Amino acid sequence: MAEVKFEADRLLLFGATGDLSQRMLLPSLCALHADGLLDPDLRIIATARSEMTTKDFRQFAREALEKHLPKNRRGPMADFLNRLSYIPVDATTPEGYDALAAEVGQYRGLAIFLSTAPSLFEPTISGLKWVGLTNGTARIALEKPLGTDLASSCEINDAVAKAFSEDRIFRIDHYLGKETVQNLLALRFANILLEPVWNSNYIEHVQITVAETVGLESRVAYYDDSGALRDMVQNHMLQLLALVAMEPPTSFEATAVRDEKVKVLRALRPVNAEEVVTGQYRAGAVERKSVPGYDEELGKDSVTETYVALKAHVDNWRWRGVPFYLRHGKRMPERVTEIVVQFRCIPHSIFEGRGAKTEPNRLVIEIQPKENIQLTMMAKVPGLGNEGLRLRPVPLDITMPDAFSDVVRRIAYERLLLDLINGDQTLFVRRDEIEAQWDFIDHIRRLWTENGTQPKPYAAGTWGPSAAIALAERDGVTWHDD
């Protein structure tokens, strides 16, 4: 039975003057408007602490769109800007919520997006509840971070649950809005070739890499309190792992998909101290430019990790004995997010007597900056000679921009905002998923505390500490760096 969907005619956007709003939310909403994907009746009520009028905010939004959204995706901008209104509200005080409720007015469906610090979630929800904006079909989207550990995450979720039932809470992980991430589900469950071999009998290991060339940028205070493990591994990377490892859901509906993901997350074996490496970048060169070390950028000494590599295991029938190698770091040689599925060797080669060597098949799913799926197959090298038969790996590429050249590349938030407006939770994270993720991460942080673990230094522009290379090489595995 299909899950009930409902469409909002009001979108209430908190933190509307913030960086995320300027770079992602307003451009995404404008693009959706230009493509005719927003209901003509949808009004967008923006709010933040900044004192400005609706006219001022529309000009603010225009400047953000001109900076962050390509001209060919804007459409008639004036029509979009006319959807916007603005009410200044200090979320920490009750004043202003009455005016906000008056501006929202009567609605058939209300979608609320909190693009604010998590510390403001509880007072914001209290204010919304006070003026009746949490009733009926009203639903709410929450940006990460949802806590700093399991206990604080539960506090946030408990506060939200006082006003919204679970079926009206949309926890955002923007990686789930990326086309290639969604394509992973299509690749697995829409092709009969892969699913029969998607298990420990045929797959040797899986690698998930999220490498960034940037350092702290504008996130100094947040990042030093968070670190790589909580900033990236806890959410994006564990979600990618869950999508790779999940069992086939009964349908592409929110409950079915998320039920299977949470089973994977609960099956994660707690790692031991030898299965995780932490590092922090020092001065070096990235993209031929000299860059300072983390401490220099921060302006003080710190033991916050900017790199994590770990070996995870999913203890169930499908994946027993298959290691999942995860790594994330800042100031890496290149920006790349990818999933590598390494298949096992063939059980017997008929070509050895002719001097030919075989290599196991490999599937590489590139998520960013390129969107690409590559399957490496063995093929005979053409030619004649007395040196024997030669085989070579040949990549079969599905380059998304080429395969779908007639389709516009979208911002991940376009998909997520549209699903929020339409009430589809499939690409959002459920509470039990979040808590299973935090349980896994908290165990690692306890290990570090108990063992007095300090991040190992690595030069900016390299692939992390040598210990991370050893983590994989102990098992005869080489990280996929090309």
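This report describes the internal cavities of a predicted model.

## Overview

Two cavities of 30 Å³ or more are present in the structure. The largest encloses about 130 Å³ of space, and the second largest about 70 Å³.

## The largest cavity

The lining of the largest cavity comprises 15 residues. Those closest to the centre of this cavity are Lys144, Leu146, Gln234, Asn235 and Ile434. By class, the lining consists of eight nonpolar, three polar and four charged residues.

Two helical elements, α8 (220–245) and α13 (431–451), each supply at least two residues of this lining. The greatest contribution comes from α8, which provides four residues.

## The second largest cavity

The second largest cavity is lined by Leu176, Val181, Gln182, Leu185, Leu243, Phe252, Val257, Lys261, Thr426 and Leu427. Two or more of these lining residues come from each of α7 (179–189) and α9 (254–266). Of the contributing elements, α7 gives the most, with three residues.

In terms of residue class, seven residues of this lining are nonpolar, two are polar and one is charged.

## Composition of the two linings

For the largest cavity, the charged group numbers four and the polar group three, alongside eight nonpolar residues. For the second largest cavity, the corresponding groups are one charged and two polar residues, alongside seven nonpolar residues. The principal contributor to the lining is α8 in the largest cavity and α7 in the second largest.

Methods:
Residues are numbered from 1 along each chain as its sequence is written. This is a predicted model: local features need pLDDT of at least 70, side-chain atom pairs count only at pLDDT 80 or more; totals for chains, interfaces and linings use all residues. Side-chain values use heavy atoms; hydrogens and water are left out. On a 1 Å grid over the protein atoms alone, a cavity is a set of points where a 1.4 Å probe fits but cannot get out, and a pocket is an open set with protein on both sides within 12 Å along at least five of seven lines; lining residues have an atom within 4 Å of a point. Grid points are joined across faces, edges and corners, and a volume is the space filled by probe spheres set on the points. Ala, Val, Leu, Ile, Met, Phe, Trp, Tyr, Cys and Pro count as nonpolar, Asp, Glu, Lys and Arg as charged, and the others, Gly among them, as polar.
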